[in-house]
Amino acid sequence: MNPFMRKVNVPYVKFRKANTLRNDSTQHDWQHWGGYRDQIQQVLEQTLEHNRCGRGHILLLGAGNGNDVPISYIESIFERITIVDIDEKALDRFLAKSAHPEKYERAIIDLTGVGAEVSSPDDLKEKVDDLLPNVDFSPLHPPFDVVMNLCFTTQLISAFFYRKKNKVVHTPEFSAQLDRLLERIHINIFESLRGLLASDGVIVHLTDTLLLQHMKTSGYTSPATSKTLELTGGNLRENLDLIYEHLPELAKQGLCLPGAFVHVHPQIMRLYKVELRFSLLWEFVHDEYEDRDYFVSAHVLSKL
């Protein structure tokens, strides 16, 4: 056998490629996501007003292209900015938007902590119960006054299946196994972050919680869409907090995205308390094919 013709499953590479494809597909969305960036800026402004956290060093996890980051505002507030993603080219695009690149450090980190151990969806299914996430934060230079988790929660596991032709069958049992893996990943992340925070530091945890989607070609509408319109009287933008109040009910109906509530896992809540919470609307894409928005929840966590 010609050794150069062998098919080799390389851990981490395909997973990283999936995230690269995602970032590539949204690299031109800076202008479209302006309203969402404004909401995130308001979250940061109120967080800094409410908490005693310093303004020296901010860590942005899952920073990607930076399209959802109020870059100018953050540069005006913080002396140092560390951006993290698994996609180096996306971080290059982020820095191209910066007026003060000298303030930045960047780190290429796999936030699943298991990407190097998994070579395919089938491999993940075989190993899922035995995987012990260990995110390597050693490239970072703490302490951090603010850590912002930029909606990576619901993307971590799905990246293993992104654009995969031969999809693994998602049985209820396998879905439950993936949920438990996602919990283990976040327990590891939040335990590690606690040691990286300054004494008065906080985590701003953003996660997309509800998919609000209408496909114009097929007419498909996501189940959460009609429910949220009902709850808000058709005025989604002005009544976002009405949705937040009903999230437990929506979760029981299976309408929330997987991983949307991992931050309130008991092992994490033993380390932090929720200081503030926010409801945001991420108008993700509106084109000839679909209208897709996300209801995003943000929680500000301080150390116990």
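## Report on a predicted model

A search of the whole structure finds zero disulfides. A disulfide is a covalent bond between the sulfur atoms of two cysteines. The model is predicted.

**Cysteines.** Cys53 has a relative accessibility of 6%, so it counts as buried. Cys151 is buried too, because its relative accessible area is 1%, under the 20% limit. Cys151 sits in the loop between E4 and H6. Its phi is positive, about 55°, although Cys151 is not a glycine.

**Overall make-up.** The protein has 10 helices and seven strands. Of its 304 residues, 53% are buried. The protein exposes about 14700 Å², and carbon and sulfur atoms supply 50% of that area. Take the contacts with a separation of 6 or more: residues 24 or more positions apart account for 74% of them.

**The sheet.** Seven strands form an open sheet with mixed pairing. Their order is E3-E2-E1-E4-E5-E7-E6. Strand E3 (104-108) and strand E6 (272-286) stand at the edges. Each has a single partner strand, so one side of each is left without a neighbour in the sheet. From one strand to the next, the twist averages 15°.

Helix H6 (residues 172-196) packs on this sheet. H6 touches strand E1 (57-61), E4, E5, E6 and strand E7 (290-303). The direction of H6 makes about 145° with that of E5.

**Strand E5 and its partners.** E5 covers residues 197-215. This strand is mostly covered: 14 of its 19 residues are buried. In the sheet order, E5 stands between E4 and E7. The E4 and E5 strands run parallel, whereas E5 and E7 run antiparallel. Six bridges join E4 (residues 144-150) to E5. Between E5 and E7 there are 13 bridges. The table gives some residues that stand opposite each other.

| Strand pair | Residue | Opposite residue |
|---|---|---|
| E4 and E5 | Met148 | Val204 in E5 |
| E4 and E5 | Asn149 | His205 in E5 |
| E5 and E7 | Leu212 | Asp293 in E7 |

**The approach to E4.** Pro143 is placed in the loop between helix H5 (121-127) and E4. The peptide bond from Pro142 to Pro143 is cis, with omega near 10°. Strand E4 itself runs over residues 144-150. The loop that holds Cys151 lies between E4 and H6.

**Helix H2.** H2 spans residues 34-50, which is 17 residues. At 1.5 Å a residue, and counting one less than the number of residues, the helix should span 24 Å. Its end C-alpha atoms are 24 Å apart, so the two values agree. The buried residues of H2 are Gly34, Tyr36, Arg37, Gln39, Ile40, Val43, Leu44, Thr47 and Leu48. Among them, Tyr36, Ile40, Val43 and Thr47 follow one another at steps of three or four places. An α-helix has 3.6 residues a turn, so residues three or four places apart point the same way.

**Tyr73 against H2.** Tyr73 is found in helix H3 (residues 71-77). Its relative accessible area is 14%, so Tyr73 is buried. Leaving out residues up to four places away in sequence, Tyr73 touches Gln41, Leu44, Glu45 and Leu48. Of these, Leu44 and Leu48 are among the buried residues of H2. Asp38 is 35 residues from Tyr73 along the chain. The C-alpha atoms of Tyr73 and Asp38 are separated by 9.8 Å.

**His265 against H6.** His265 lies in the loop between helix H9 (247-252) and helix H10 (266-269). At 17% relative accessibility, His265 counts as buried, because the limit is under 20%. Leaving out residues up to four places away in sequence, His265 touches Glu183 and Ile187. Helix H6 runs over residues 172-196, the stretch that holds Glu183 and Ile187.

Technical notes. Residues numbered from 1 in each chain as written. Predicted model: local features only at pLDDT ≥ 70, side-chain atom pairs only at ≥ 80, totals over all residues. Heavy atoms only, no water. Helix = DSSP H or I, 4+ residues; strand = E, 2+ residues; numbered from the N terminus. Buried < 20%, exposed > 50% of the residue type's maximum accessible area, 1.4 Å probe, protein only. Contact = heavy atoms within 4.5 Å. Areas by Shrake-Rupley, 256 points an atom, 1.4 Å probe, with all protein chains shown as cover. Pairing = 2+ DSSP bridges. Axes fitted to C-alpha atoms, helices over the stretch in contact; angles between N-to-C directions. Disulfide = S-S within 2.5 Å.
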